[in-house]
Structures are given as structure tokens and as C-alpha cells.
Protein chains: 2
Amino acid sequence: MAVVSLYMSDRDESKTFTDKKEADNYDKMLELAENVSLWMEREISGLNESQIEAIGMLVAENKDTVLKALKGNSGVLLEESAEGENVTPISATNKKKK
Amino acid sequence: MAVVSLYMSDRDESKTFTDKKEADNYDKMLELAENVSLWMEREISGLNESQIEAIGMLVAENKDTVLKALKGNSGVLLEESAEGENVTPISATNKKKK
């Protein structure tokens with residue numbers, strides 16, 4: 001029997017990865033979600049726990065879309081459906097736009 | 001008496017500018033706020049009108065901070081106070097980091 005390495009983000013122990021880079025990306029995404037949630041909790045009054053968490057995940061899972069919006073094309077927020085692009089399209093990983 | 005040109009965003013007729021570029025930036029900021037608000041309203045259940053508007057303005061007024069956060073340094077969201085950096089610091093305008 002062979003021993004296989006698994007990688008896991010300590011922010012979500014329900015998910016393991018065989019690829020370290022994927023685990024790193026996932027951990028970074030969860031960290032972004034967490035910090036967006038903490039920021040919203042601090043700045044916007046009256047949000048409940050699930051709204052705070054949902055806003056953090058929404059932004060983190062749609063990071064590339066939000067980046068486009070912040071760079072001037074904010075209409076994209078309303079175009080792309082929001083089921084999340086946490087699966088980074090292959091084209092986005094290997095050819096980074098300058 | 002001389003005639004002076006004034007510029008105004010039709011998204012906020014309470015504010016006029018003598019500098020067109022400033023008016024453009026302000027209009028772009030309000031457009032971003034509006035689209036973030038519409039996005040949140042669509043994606044996050046149970047938000048009231050003032051929360052929806054406040055989230056849009058929070059993101060738009062802190063655009064540069066959110067950009068840094070999305071690019072990997074999400075801790076900045078919790079450092080910089082959130083009274084908004086809609087006044088772009090001089091250093092950020094003329095020496096753009098490559």
C-alpha cells in the first residue's frame with residue numbers, strides 16, 4: 001500500500017486536496033472571505049451571522065469578477081451569475097493578463 | 001462677471017465640481033457603489049435598503065483597499081479605518097506601483 005500526501009486548510013477541515021497549490025488557493029479564498037466578513041460586521045450595522053458569512057463568501061468566490069468591477073467595469077457584477085467562480089478557469093491560471 | 005463651467009454626476013445632483021476629472025471619478029465611484037448594491041440585493045437575502053446602500057458605498061469608497069485585499073493581502077481590510085479613502089492620497093496618484 002502506498003502513502004499519499006493530502007493537504008487541508010485548517011479553516012475548513014471538511015475538505016482535503018492531493019494538490020498543495022489547490023489547498024493554498026482554497027485557504028487564501030477562505031481567508032479573504034473571513035476578512036471581508038469581519039470588515040462587514042464592523043462597518044455595516046444590523047447584519048446577522050449568516051449574512052456576514054454569505055457576503056464574505058460571495059466576494060471571495062467571485063474574486064476575479066469583483067476585481068474587474070473595481071477596475072472600472074462594475075457592470076460585470078450583474079452579468080456573471082454568482083454561483084461562484086471558485087473553480088479558476090484553466091485559461092486564467094496559465095496566461096495571466098499583463 | 002465671468003461664466004464658470006461646473007460638472008456634476010447625474011447620480012448625485014447635490015455635488016458639483018469645477019474639475020471634470022474629479023466629477024468623472026465621483027460618477028465612477030457612485031456607479032460602482034450602485035452595482036455592488038444591486039449585486040448584494042440579488043445575492044444576499046434579508047438585507048434592508050440602508051444596508052444594501054451602505055455596503056455599496058463602503059466597497060466603492062474603499063476601492064483601493066479592497067483591490068489590495070483581493071490581490072492577496074486581505075488583512076488590510078481590517079487595518080485601514082473605513083472612513084473611506086475616496087480622497088485618493090497624492091502618493092497613490094502619481095507613482096503607480098508596477
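**Exercise 1. Describe the area buried between chain B and chain A, and state which three residues of chain B supply most to it.**

Solution. In this predicted model, about 2900 Å² is buried between chain B and chain A, and carbon and sulfur atoms give 73% of that area. On the side of chain B, the three residues that supply more than any other three are B:Trp39, B:Leu70 and B:Leu78, with 25% of the area that chain B buries against chain A.

**Exercise 2. Break down the side of chain B that touches chain A by element and by residue class.**

Solution. Step one is the contact count: 34 residues of chain B are in contact with 34 residues of chain A. Step two is the polar part: the interface of chain B and chain A holds 10 residue pairs in polar contact, both residues at pLDDT 80 or more, while the count of salt bridges between the two chains is 0. Step three assigns elements: α1 (20-43), α2 (49-61), α3 (63-70) and α4 (76-79) of chain B each give two or more residues to this side. Of these, α1(B) gives the most, with 10 residues. Step four sorts by class, which yields 18 nonpolar, 9 polar and 7 charged residues.

**Exercise 3. Trace the salt bridges of A:Glu31 to A:Arg11 and A:Lys28, and place each residue in its element.**

Solution. The whole structure has 12 salt bridges over all chains. In one of them, the side chains of A:Arg11 and A:Glu31 meet at 4.0 Å, N to O. A:Arg11 is in the loop between β1 (7-8) and β2 (16-17) of chain A and A:Glu31 is in helix α1 (residues 20-43) of chain A, so this pair ties together parts 20 residues apart in sequence. A:Glu31 also meets A:Lys28 in a salt bridge, at 3.5 Å, N to O. Here both residues lie in helix α1 of chain A, 3 residues apart, about one turn of the helix.

Accessibility comes next. A:Arg11 is partly exposed at 34% relative accessibility, A:Glu31 is partly exposed at 22%, and A:Lys28 is partly exposed at 44%.

**Exercise 4. Locate the salt bridge between B:Glu34 and B:Arg11, then name the network that shared partners form in chain A.**

Solution. The side chains of B:Glu34 and B:Arg11 meet at 3.1 Å, N to O. B:Glu34 is in helix α1 of chain B and B:Arg11 in the loop between β1 (7-8) and β2 (16-17) of chain B; the pair links distant parts of the chain, 23 residues apart. B:Glu34 is partly exposed, at 39%, and B:Arg11 is partly exposed, at 33%. In chain A, salt bridges that share partners join A:Arg11, A:Asp27, A:Lys28, A:Glu31 and A:Glu34 into one network.

Notes. Residues numbered from 1 in each chain as written. Chains lettered and ligands numbered in written order. Predicted model: local features only at pLDDT ≥ 70, side-chain atom pairs only at ≥ 80, totals over all residues. Heavy atoms only, no water. Contact = heavy atoms within 4.5 Å. Buried area = accessible area lost by both parts, 1.4 Å probe. Polar contact = N/O pair within 3.5 Å; in protein donor to acceptor, adjacent residues only side chain to side chain. Helix = DSSP H or I, 4+ residues; strand = E, 2+ residues; numbered from the N terminus. Nonpolar A, V, L, I, M, F, W, Y, C, P; charged D, E, K, R; others polar. Buried < 20%, exposed > 50% of the residue type's maximum accessible area, 1.4 Å probe, protein only.
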